[in-house]
Amino acid sequence: MGTNYFNSLSLREQLEQLGECRFMHLDEFTDGVDALKGKKMVVIGCGAQGLNQGLNLRDSGLDVSYALREAAILEKRQSWKNATDNGFTVGTYEELIPTADIVLNLTPDKQHTAVVTAVMPMMKKGSCLSYSHGFNIVEEGMQVRDDITVIMVAPKCPGSEVRAEYVRGFGVPTLIAVHESNDPNGIGLTLAKAYAVGTGGHKAGVLMSSFVAEVKSDLMGEQTILCGMLQTGSLLCFDKMIEEGIDAGYAAKLIQYGWETVTEALKYGGVTNMMDRLSNPAKIRAFELAESMKDILRPLYHKHQDDIMTGHFSATMMADWANDDKELLGWRAETAETAFEKTAPGDVEISEQEYFDHGILMVAMVKAGVELAFETMTDAGIIADSAYYESLHETPLIANTIARKKLHEMNATISDTAEYGCYLYNHACVPLLADFMKPLKSDVIGKGLQLDDLGVDNARLIEVNAAIRYHPVEAIGSELRGYMADMKRIV
Amino acid sequence: MVAPVKIEVDQLSVDFDGRFQLHNISWRLGPDEHWLVAGPNGAGKSALAAVLSGVGEITRGSITGVPARVALVSYEAQALLIDAELKKDDADILDVISEGTPVAEIIDQGTVDKALAAELIEQFGLTPLLTRAFRKLSTGETRKVMLVRALASKPDLLLLDEPFDGLDTHTHAMLLQHLHEVVRTTPTVIVLNRIDERPDFVTHIAWVEAGTVAQCVACHDTSAMALLDQLLHLKLGKIALPDPDPIDRLPALHATEPLVQITNASVKYADNVVFDGLSWTINAGEHWQLTGPNGSGKTCLLSLITGDHPQCYVNDIQVFGFQRGNGESIWEIKQFIGYVSTQLQWEYRVGTSLRNVIVSGFYDSIGLYTKPNDTQLAIANEWLAVLGMQHRADESFTQLSHGDKRLLLIARAMVKHPPLLILDEPCLGLDDMNRRLVLALIERISASGNTTVLYVNHHTEDKVIGIERQLALG
């Protein structure tokens, strides 16, 4: 294992790389896929990202094939089926890697060291190695041969959506980066841009960032607001409702589908719109709950960000990898045994609005988590655009997985890295919120305020609205959503 | 003995989420009656059937006597189920390819009579599909699953919205035979766009227009039936095709090269072969009809041409001068093709205006992501006029009826005057009047000489004058 790359940088370099993030304009992509035309692209990993990116690249006129381990080919494993059913050339590492001009490593994080170590000696002189996540480079300090160009192209959506949007003639927002220590010919950015065009990403917006900024923000987002807060929130809200005598089936349903419903509002119009879906008294209540939670949880968010920055988090997790995932598997089993996981959603009708009205505490948790994660990231030197994508933007995507099959589904579909971080967060967060939860009643979770009079104090409402609307995540959010909407609905 | 159902609908108005309203409907369905619901596209036929299944919010009037167990088979119900299945798949954050719910489970969800279900599964040829994912089925196969599920639920009222659409001749006949059994015990309401397809057990016809039941006719009343026929044979307006965009023309094609040349093609998966050894040449100006039963690979073959099937890269396919798999992009191919299918309609779920939907045909995109020029907008307006929708240009596409969407997508496909127009069952779900309009439009297009038409259809009676060649699959 190499040494942590980020820690090897000077403070000046660290800040510079953390702060690297720029929304690129469409006219920076006029060369299209030219830089990759006629080049041999070999993909390693044929899961949802690997397969769907490959389909897009090929449909953009590029030469794509798949390198699989010999065993996967001989045993005709799912990855072999995925590639051959889709008419791709499949071969072993030995057959394909030496011919590759660019190797696309689209395997899970945990396999990166093994995969890259195996293929590096076979790679052509002056070829390119591409990642969709920078953990291996930044946290594990993978040393790539000096003659190889190392880039990252990371679509900020699930693989199936990467494909679906391309077929429509559009794309998904994509982050690109070049690893500074591995850009011997200065062509990293040109290749990354062409790759982003090949997947259709340039149409939906490309964020130029650095390996460091991508990793440090991605880890922070996934373990706090995206997965951690939703896990903790699910468990606490469910137990509170049971304690308050609410029907278990109703409680399970309100939570399982509630995250998806309230964060859908987030997707369209940020925290402001999500809060606006509540009545005025409920909004003020949610605001106050969120403020309390932010005060309680701020040190925890800081700790997570600090541990990510120092490399403490990745070191802890890699120690668990080395220990056969003992902690991860233990926590996974523990989650499966919680009351929320074990209770099936009831056969009750809950209208879209009711998810907000009866889920005031859930709305407050989303608000607190998004804002805290965003604040903590930007305080740590990550630029607002990155922080937005890694917090607010991805929350609805994760919430969708809970709607499908609860926490099990969320933890099964996110990466092992995210899952590990999520459990760490949950273990710390549940006790921290114990005193806060104690006095809460079913009016904020389960039954709603049930007020006859929805009157509020004007001054207080103005104050609360202003605090919601003028939070920095709302400013950058409306700007970035604006770019997206501009491109989506041009007229 | 038919269950003695007596439904009374009295001055009923119903709202569907503010998107559509039925108003002031008075209608009596007596015992021993089986109804056909007919009318133009967008009139409210499907809505009326849906009301009997409890959909919609009653804003006025009353409806009584609807039995507790009602089964509805409709495009909307089918689309909802497919939507629900797609939703299950759209959020995999990492590397999981989900398969979706298997057919057996979908059928089992509604089944009351297990023996009947087993028999129907066998009769409808669904046995080999039971373990397949529901959302991976073809349009026709999906429809069959919906039908079996409804019949096996042994409802007290059976509502069938376009039950025959998408079925091949054999399955159509078999379903019809089965329905003759069913109507002995179960009152049935059928929505059909084609009055000529109505089964002979239908005793009454409800003619729906502009959101209300305009007329109720007993089938034995010959003079009333003649009136209804007249309504159906409304004269078609004159159709003149708008020109293509004079500035942004398509690249010229080699005059003597075939548009499409497929040589010895096969489509195979690890565990199944769709077709093998297929060769086909389409020359410019030669119009083709492609036929074959459900699941025979019609759509699959078409998608080899359009480039939507990934195995187009491992077959010997030449399209518009490109030998596939030599660094051409899919958009270089698609620019020469206009394409319409039920699947496109399902995928075209974009809340944009009718005008923009037509303009998106210039860019081969679902939704519009490029700013169109004034000429393109003007051409789109002309097409809207052809369809009689010029006053609705700014309405949202998602709110259109099934039939209106189809017409609009045909205009979208034709807007650039593509060298090849592929119409995959273009009349599926259209009413008589619009079907005639569409067929007339296709005849017109195929006679124009610029566009070669490739037409897929189950209905042998939907012959298009000028389409001489036929390729039969299966």
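Helices and strands here are DSSP runs, with at least four residues for a helix and at least two for a strand, numbered from the N terminus. Keep that in mind as you click around, and remember that this is a predicted model.

**Stop 1: chain B as a whole**

Select chain B and show it as a cartoon. How many helices and strands does chain B have? There are 14 helices and 18 strands. Now color chain B by burial: of its 474 residues, 56% are buried. If you turn on contacts in chain B between residues at least 6 apart in sequence, 71% of them join residues at least 24 apart.

**Stop 2: where the two chains meet**

Bring chain A back into view and look at the interface. On one side are 35 residues of chain B, in contact with 39 residues of chain A. The two chains bury about 3200 Å² between them, and carbon and sulfur atoms give 56% of that area. What might you look for next? Try salt bridges across the interface of chain B and chain A: the rule finds zero. Polar contacts are there, though, with nine residue pairs found across this interface, both partners at pLDDT 80 or more.

Next, select α2 (75-89), β10 (260-269) and α9 (330-334) of chain B, since each supplies at least two residues of the side that touches chain A. Which of the elements gives the most to that side of chain B? It is α2(B), with three residues. Color this side of chain B by residue type and you will see 17 nonpolar, seven polar and 11 charged residues.

**Stop 3: confidence in chain A**

Color chain A by pLDDT. The mean is 93, and 98% of the residues of chain A reach 70 or more. Go to strand β5 (residues 102-105) of chain A for the highest confidence in the chain, at 98, then to helix α24 (residues 472-488) of chain A for the lowest, at a mean of 79. Here is a good habit to take along: where pLDDT is low, the predicted coordinates should not be read in detail.

**Stop 4: a histidine in a loop**

Select H358(A), in the loop between α17 (352-357) and α18 (360-379) of chain A. Is H358(A) buried or exposed? Its relative accessible area is 18%, which is under the 20% cut-off, so H358(A) counts as buried. Show its neighbors, leaving out residues up to four places away in sequence: H358(A) touches Y250(A), L254(A), V444(A), I445(A), G446(A), K447(A) and G448(A). With one of these, Y250(A), the side chain of H358(A) makes a polar contact of 2.6 Å.

**Stop 5: salt bridges**

Over all chains, a search of the whole structure finds 47 salt bridges. Here are some to visit.

- Select E243(A) and K240(A). Their closest N and O atoms are 3.1 Å apart, forming a salt bridge. Both sit in helix α11 (residues 211-243) of chain A, and because they are three residues apart there, about one helical turn separates them. E243(A) is exposed, at 56% relative accessible area, whereas K240(A) is buried, at 3%.
- Select K342(A) and E337(A). Their side chains meet in a salt bridge of 2.9 Å, N to O, and both residues are exposed.
- Select R69(B) and D156(B), a salt bridge with its closest N and O atoms 4.0 Å apart. R69(B) lies in the loop between β4 (57-64) and β5 (70-73) of chain B, and D156(B) in the loop between α5 (139-152) and β6 (157-161), so the pair ties together parts that are 87 residues apart in sequence. R69(B) is partly exposed, at 36% relative accessibility, and so is D156(B), at 32%.
- Select E291(A), K294(A), D295(A), R298(A), K367(A), E371(A) and E375(A) together to see a network of salt bridges.

**Stop 6: two backbone surprises**

Most residues other than glycine have a negative phi. Now select K76(A), in the loop between α3 (70-74) and α4 (78-85) of chain A: its phi is positive, near 50°. Then jump to H417(B), in the loop between α13 (402-414) and β16 (420-424) of chain B. Phi of H417(B) is also positive, near 50°, and the residue counts as buried, at 18% relative accessibility.

Note on methods: Residues numbered from 1 in each chain as written. Chains lettered and ligands numbered in written order. Heavy atoms only, no water. Contact = heavy atoms within 4.5 Å. Buried area = accessible area lost by both parts, 1.4 Å probe. Polar contact = N/O pair within 3.5 Å; in protein donor to acceptor, adjacent residues only side chain to side chain. Nonpolar A, V, L, I, M, F, W, Y, C, P; charged D, E, K, R; others polar. pLDDT = per-residue confidence, 0-100. Buried < 20%, exposed > 50% of the residue type's maximum accessible area, 1.4 Å probe, protein only.
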